[in-house]
Amino acid sequence: MFRIRCPYCGERDQIEFGYGGEAHIARPREPEAISDAQWADYVFMRTNTKGLFAERWVHSAGCRRWFNALRDTATDRFVATYVIGEAPPLPVTQGADDGAPVEEDAEAAADLAGGGRP
Amino acid sequence: MTRYSLWSLLREGFRGHTGWGPVWREAEPKPAYDAVIIGGGGHGCATAYYLAKEHGLTNIAIVEKGWLGGGNAARNTTIIRSNYLYDASAAIYDHAMQLWKGLGRELNFNIMMSHRGVLNLAHDDNEMRQLKRRVEANRLNGVEAEWLDAKQVAEYCPIINMSPASRYPVIGATLQRSGGVNRHDAVVWAYARAAHELGVDIIQNCEVTGLKIEAGRITGLETSRGTIRTPKVASVVAGHTSVIGAMAGLRLPIESHPLQALVSEPIKPVNPCVVMSNAVHAYCSQSDKGELVIGAGIDAHLSYTQRGAFPVIEEEIAAVLELFPIFSRLKLMRHWGGIVDICPDASPIISKTPVKGFYLNGGWGTGGWKATPASGHALADLVARDEPNAIAAPYTLERFTTGKLVAEHGAAAVAH
Ligand SMILES: Cc1cc2nc3c(=O)[nH]c(=O)nc-3n(C[C@H](O)[C@H](O)[C@H](O)COP(=O)(O)OP(=O)(O)OC[C@H]3O[C@@H](n4cnc5c(N)ncnc54)[C@H](O)[C@@H]3O)c2cc1C
Ligand SMILES: [Zn+2]
């Protein structure tokens with residue numbers, strides 16, 4: 001069982017949280033302009049890292065806000081949690097075709113996160 | 001190799017079992033092979049066997065990072081069935097079913113195959129319609145399946161809670177009589193022994209750490225025990241498929257999740273079949289030792305730790321007790337997890353890749369055990385001929401780009 005530190009509420013039991021999979025996957029801005037392979041990459045392909053991995057969690061039985069976490073999937077140890085829209089506190093390569101980290105839309109992300117800060 | 005028979009059993013019985021030899025010989029990695037299979041689970045060993053037996057490729061090796069059959073092969077609950085919805089699924093899972101029927105004889109090994117029947121319960125009208133549709137689809141594909149009403153369910157498996165007052169009353173079920181369970185390690189050993197007999201090298205404690213690729217073609221692999229040259233590599237590593245894929249620069253449509261299972265203390269035979277329920281979300285069979293073998297769905301998060309979380313177990317147990325109130329006083333004996341490789345359409349990948357000579361078999365998720373013989377058979381064909389046969393053809397990597405998915409609802413949720 002994990003103990004997860006919600007950036008808004010503090011540390012709680014895993015059972016209070018829902019999982020959102022890989023973080024920092026940006027929806028293509030012009031889906032009609034990209035190739036089938038790029039669309040497949042966005043919809044289906046996942047980094048599925050063994051090691052340091054950025055992922056999304058939602059504090060469903062608490063503040064109900066989404067946030068990101070860095071966790072080592074080889075040990076299940078949480079390294080950090082951080083607010084949507086922030087860059088991961090350690091570099092991770094995931095989320096895009098070329099392996100480069102994706103820029104998040106900071107404004108939209110802040111909306112998503114309810115504009116709040118811890 | 002000693003042939004196992006009643007005679008050999010009697011002879012060894014009289015000599016105090018001193019004459020049983022090792023089942024296969026540990027091999028040192030050679031500098032080069034005609035083909036190398038990464039992963040010594042059920043699917044990897046089956047692939048090696050069919051490559052040697054049906055395609056005459058005997059200068060080949062299985063490289064396994066741990067011990068043979070210590071991955072999901074050792075951790076699964078061995079439910080065998082072939083009642084999947086779509087044609088592509090029926091073709092591969094029923095091919096496996098037909099192979100399972102003769103496998104013990106073919107490999108001269110008691111794999112404890114027990115065709116005791118698999119029930120998939122329906123708890124509401126919608127589920128009933130879906131399951132009946134599946135029965136009809138199965139029959140059109142020549143897959144054995146039938147529908148039982150509530151009374152017939154109670155007769156087939158008397159310990160199921162049939163009370164109409166229960167939260168999710170049982171209103172019927174599909175039954176596949178040829179479905180059942182077998183012995184996981186016996187299957188792996190049987191394939192390994194037969195493959196070894198045909199000349200296949202089995203190399204344990206040998207982790208693949210990199211792939212050698214020159215001009216878009218595989219030329220060998222790096223392992224914890226040195227470099228091996230080979231023109232053909234087949235990755236059959238289940239939960240680690242993305243890790244090997246990344247060594248070839250591939251991004252794959254796979255996520256690795258923990259899947260947990262547990263067994264109770266042994267009791268006298270009470271559960272005559274395999275019972276699965278999607279809505280209540282658990283399944284249960286009874287091993288020959290008498291333990292109840294219990295499983296459910298995956299943990300939601302990604303992980304490579306072979307460990308899941310307690311809330312999943314709690315739900316699993318609640319579900320099992322809803323279906324079988326008579327188990328409420330039983331103690332649990334053991335509990336474990338494996339890492340399953342989930343594809344978005346709940347169907348596997350048996351495919352060539354953009355790297356010539358590098359083949360992928362993975363994405364079997366929570367339900368690949370039942371397919372072991374057919375998976376190995378189809379992959380061996382692909383490796384030998386460099387072309388997929390009719391069974392493997394729908395399971396390409398390209399389907400995630402073309403959109404021609406095999407969205408197999410028969411494999412959804414708890415139904416491994
Ligand atoms: C709890 C649980 C219950 C299940 N129940 C069922 C069920 O009832 N019915 C069903 O049909 N299926 C079930 N499954 C799924 C089934 O177990 C798998 O789909 C199937 O076993 C996978 O194929 P395998 O046997 O070849 O995998 P594995 O046995 O996992 O073999 C893969 C091997 O690759 C090795 N490997 C990984 N990386 C490397 C590397 N870098 N170098 C060398 N070797 C490597 C691993 O060590 C491992 O031994 C279940 C799975 C789990 C975890
Ligand atoms: Zn919170």
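Which residues coordinate the zinc ion (ligand 2), and at what distances? In this predicted model, the zinc ion is bound by the SG atoms of Cys6(A), Cys9(A) and Cys63(A) together with ND1 of His59(A), at 2.0 to 2.3 Å. Along the chain, these donors follow the spacing C-x2-C-x49-H-x3-C. Cys6(A) belongs to strand E1 (residues 3–6) of chain A, whereas Cys63(A) is found in the loop between strand E4 (52–58) and strand E5 (66–72), so the pair ties together parts of chain A that are 57 residues apart in sequence. The arrangement of the four donor atoms around the zinc ion (ligand 2) is tetrahedral because the angles they subtend are 103 to 120 degrees. For four tetrahedral donors, the ideal angle at a metal is 109.5 degrees.

In chain B, helix H4 (residues 87–107) packs against helix H2 (residues 42–55) at an angle of about 75 degrees, with the axes 15 Å apart. H2(B) and H4(B) are therefore roughly perpendicular to each other. Tyr49(B), Tyr50(B) and Lys53(B) of H2(B) meet Leu99(B), Leu103(B), Glu106(B) and Leu107(B) of H4(B) in this contact, whose residues comprise five nonpolar, no polar and two charged.

The axes of H4(B) and helix H7 (residues 184–197) of chain B come within 10 Å and cross at roughly 50 degrees, which makes H4(B) oblique to H7(B). The crossing of H4(B) past H7(B) is left-handed. H4(B) contributes Trp100(B), Leu103(B) and Leu107(B) to the contact, and H7(B) contributes Val187(B), Ala190(B), Tyr191(B), Arg193(B) and Ala194(B). Seven nonpolar residues, one charged residue and no polar residues make up the contact of H4(B) with H7(B).

Terms used
Residues are numbered from 1 along each chain as its sequence is written. Chains are lettered from A and ligands numbered from 1 in the order in which they are written. This is a predicted model: local features need pLDDT of at least 70, side-chain atom pairs count only at pLDDT 80 or more; totals for chains, interfaces and linings use all residues. Side-chain values use heavy atoms; hydrogens and water are left out. Axes are lines fitted to C-alpha atoms, for helices over the stretch in contact, and angles run from 0 to 180 degrees between N-to-C directions. Helices (H or I, at least four residues) and strands (E, at least two) are DSSP runs, numbered from the N terminus. Angles under 35 degrees count as roughly parallel, over 145 as roughly antiparallel, 65 to 115 as roughly perpendicular and the rest as oblique. A crossing is left-handed if the near helix is turned anticlockwise from the far one by less than a right angle, and right-handed if clockwise. Contact means heavy atoms within 4.5 Å. Ala, Val, Leu, Ile, Met, Phe, Trp, Tyr, Cys and Pro count as nonpolar, Asp, Glu, Lys and Arg as charged, and the others, Gly among them, as polar. Donors are N, O and S atoms within 2.8 Å of the metal (3.2 Å for Na, K and Ca); water is not among the atoms, so sites may look incomplete. Four donors count as tetrahedral if all angles lie between 85 and 135 degrees; four count as square planar and six as octahedral if opposite donors are over 155 degrees apart and all others between 65 and 115; anything else is irregular.
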